[in-house]
Amino acid sequence: FYEYADRDNVTIVFALKTAKNVTEAEFAEVWNDPAKLEIVLSVFLGIGTQAVLDGKDNAAREIATFARYFEQCIAVELKESQAFIAWPKIEEAYGADLHTLV
């Protein structure tokens with residue numbers, strides 16, 4: 001993810017899709033199981049909360065971006081409760097101010 005996200009001409013969308021593609025085979029049992037992916041989501045939310053409390057706003061934004069992505073993957077690919085990934089919600093987390101993160 002970071003390899004791609006730090007490049008000026010690469011979008012966060014591309015970076016997240018690439019990160020998923022390179023981890024999907026090795027961690028298929030997580031990516032394909034909503035309960036396991038929800039645990040990952042919960043862990044990221046906890047880590048993000050701690051980052052906010054520690055004043056690490058940039059880290060909190062990055063963690064929130066992953067959490068939103070996991071949330072969207074669960075909804076679209078596993079639970080089929082929505083038709084498409086809401087990329088604007090994910091992008092909002094990446095550039096969020098502290099009020100939006102909380």
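I took contact to mean heavy atoms within 4.5 Å. The model is predicted, so I kept in mind that local features need pLDDT of at least 70 and that side-chain atom pairs count only at pLDDT 80 or more, while totals for chains, interfaces and linings use all residues. Residues are numbered from 1 along each chain as its sequence is written, and side-chain values use heavy atoms, with hydrogens and water left out.

I looked up Ile85 and, setting aside residues up to four places away in sequence, found that Ile85 touches Tyr69, Gln72, Cys73, Val76, Glu77 and Ile90.

I then turned to the largest nonpolar core (buried Ala, Val, Leu, Ile, Met, Phe, Trp, Tyr and Cys residues joined through side-chain atoms within 4.5 Å; buried means under 20% relative accessible area, with a 1.4 Å probe and protein chains only). This core has 16 residues, and those with the most contacts inside it are Leu16, Tyr69, Phe70, Ile85 and Trp87. I noted that α2, α4 (34–53), α5 (57–78) and α6 (87–94) each supply at least two of its residues, and that α5 gives the most, with seven; helices here are DSSP runs (H or I, at least four residues), numbered from the N terminus.

Next I checked Lys20, which is found in helix α2 (residues 12–23). Is Lys20 buried or exposed? Lys20 is buried, with a relative accessible area of 7%. Leaving aside its neighbours within four places in sequence, I found Lys20 in contact with Trp31, Tyr69, Cys73 and Glu77.

Terms used. Buried means under 20% relative accessible area, exposed over 50%, partly exposed in between (1.4 Å probe, protein chains only).
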